[in-house]
Amino acid sequence: MSQVDVSERQVEYKVKDYKGPTSPIWCPGCGDYGVLSALYQALADLNLPPEDVAVISGIGCSSRLPGYMATYGFNAVHGRILPIAAGVKMANPDITVIGTGGDGDGFSIGMGHVPHAVRRNMDITYIVMDNEIYGLTKGQLSPTAHVGDVTKTSVYGSIESPVEPVNFMLNIGASLVARVNAGNPKHMAEIIAEGIRHKGFAFINAMSPCRTFRGIEQKKYINSHAYYLEESEYTPTDKAKALELASNNEEIAMGILYREARPTYEGLYQDLRERAKSRGVPAIEEIIGRYIP
């Protein structure tokens with residue numbers, strides 16, 4: 001049965017079925033509450049059994065998220081979300097694998113892993129909570145912070161050009177790229193569900209202001225500049241148009257900016273195994289079984 005084929009399931013899961021026993025301890029007003037709420041709702045809408053879902057995170061405020069879930073979860077070391085997520089998916093392709101982390105985790109120390117997960121088109125949904133700052137470690141400059149931003153480590157204003165996550169993911173070939181507003185959990189739940197349904201690497205950039213560091217001004221800016229893409233009016237298959245939308249910081253497009261269908265790594269790997277088997281090459285399980293009873 002497909003990971004999102006719910007037509008034959010008798011159990012109807014509710015939001016409460018995905019909530020873990022531990023309550024979130026983020027600062028009041030943190031955008032990550034909205035992301036967590038949206039993820040609960042998306043999983044309930046898809047009616048996925050909690051035991052069929054694995055949420056992998058790194059280090060940071062947003063990476064606390066698996067601890068608040070009733071699914072399987074794993075806190076990796078800083079920046080190592082995607083290698084762990086890839087291992088889970090390859091070990092059990094039927095599991096729905098979701099990566100959750102921050103902009104520092106994903107686009108600083110973890111940056112080297114991103115292009116490889118993308119180019120392989122692994123069936124993983126990667127949600128990055130982007131607040132343009134290192135919130136957990138008290139407000140240092142993040143790789144997505146803008147030129148001129150004042151932080152604990154850029155007291156005279158940043159002189160570094162930012163990584164622009166949506167633009168970056170489009171350019172390196174992610175097969176689904178979306179942007180959401182943590183202040184709109186209903187819309188975010190719809191997009192996360194689409195990301196999970198998508199067969200391939202789905203990247204969702206969640207603009208999630210840090211209430212403690214510059215969050216109020218960020219929230220005001222997002223709310224005054226955001227607009228929501230309607231698929232009845234916008235078809236997300238034109239990469240040039242998606243790049244144009246991603247590059248416009250005055251009008252922030254929310255929703256799925258780009259989506260394409262192409263084979264997943266897991267599917268291609270299974271085809272490769274079958275081709276090898278047809279030529280008499282033993283499967284890895286058989287080789288291991290010769291030495292480990």
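**Exercise 1: strand E7 and its partner**

Find the residue in E8 that is the bridge partner of Asn181, keeping in mind that you're looking at a predicted model.

*Solution.*
- Step 1: Go to Asn181 and look across to E8, where its bridge partner is Met207.
- Step 2: Now zoom out to the whole pairing: E7 and E8 run parallel and are joined by six bridges.
- Step 3: Check how E7 sits in the structure. On one side you'll find Leu176, Ala178 and Val180, on the other Val177, Arg179 and Asn181, and all of these are buried.
- Step 4: Put that together: six of the six residues of E7 are buried, so the strand is largely enclosed by the rest of the structure.

**Exercise 2: walking across the sheet**

Work out the strand order of the open sheet and say which strands stand at its edges.

*Solution.*
- Step 1: Trace the eight strands, and you get E2-E1-E3-E4-E8-E7-E10-E9, with mixed pairing.
- Step 2: Look at the two ends. E2 (72–75) and E9 (226–228) each have a single partner strand, so one side of each has no neighbour in the sheet.
- Step 3: Sight along the sheet and follow the twist, which averages 20° from one strand to the next.
- Step 4: Pick one pair to inspect: E1 (residues 53–57) and E3 (residues 96–102) run parallel and share five bridges. Here Ile56 sits opposite Gly99 in E3.
- Step 5: Add the helix that packs on the sheet. H6 (residues 185–197) touches E3, E4, E7, E8, E9 and E10, and its direction makes about 165° with that of E7.

**Exercise 3: two helices side by side**

Decide whether H5 and H8 are roughly parallel or roughly antiparallel.

*Solution.*
- Step 1: Find H5 (residues 165–172) and H8 (residues 239–246), whose axes are 9 Å apart, and read off the packing angle of about 160°.
- Step 2: Compare that with the cut-off: angles over 145 degrees count as roughly antiparallel, so H5 and H8 are roughly antiparallel to each other.
- Step 3: Note the handedness too, as this crossing is left-handed.
- Step 4: List who touches whom: H5 brings Val166, Asn167, Leu170 and Asn171, while H8 brings Lys239, Ala242, Leu243 and Ala246.

**Exercise 4: a residue in a loop**

Is Asn121 buried or exposed?

*Solution.*
- Step 1: Locate Asn121 in the loop between H4 (114–120) and E4 (124–130).
- Step 2: Take its relative accessible area, 1%. Buried means under 20%, so Asn121 is buried.
- Step 3: See what's around it: beyond four places in sequence, Asn121 contacts residues including Ser175, Lys199, Arg262 and Tyr265.
- Step 4: Finish with Phe201, whose backbone nitrogen lies 2.9 Å from a polar atom of the Asn121 side chain.

Technical notes. Residues numbered from 1 in each chain as written. Predicted model: local features only at pLDDT ≥ 70, side-chain atom pairs only at ≥ 80, totals over all residues. Heavy atoms only, no water. Helix = DSSP H or I, 4+ residues; strand = E, 2+ residues; numbered from the N terminus. Buried < 20%, exposed > 50% of the residue type's maximum accessible area, 1.4 Å probe, protein only. Polar contact = N/O pair within 3.5 Å; in protein donor to acceptor, adjacent residues only side chain to side chain. Contact = heavy atoms within 4.5 Å. Pairing = 2+ DSSP bridges. Axes fitted to C-alpha atoms, helices over the stretch in contact; angles between N-to-C directions. Parallel < 35°, antiparallel > 145°, perpendicular 65-115°, else oblique. Left-handed = near helix turned anticlockwise from the far one by under 90°.
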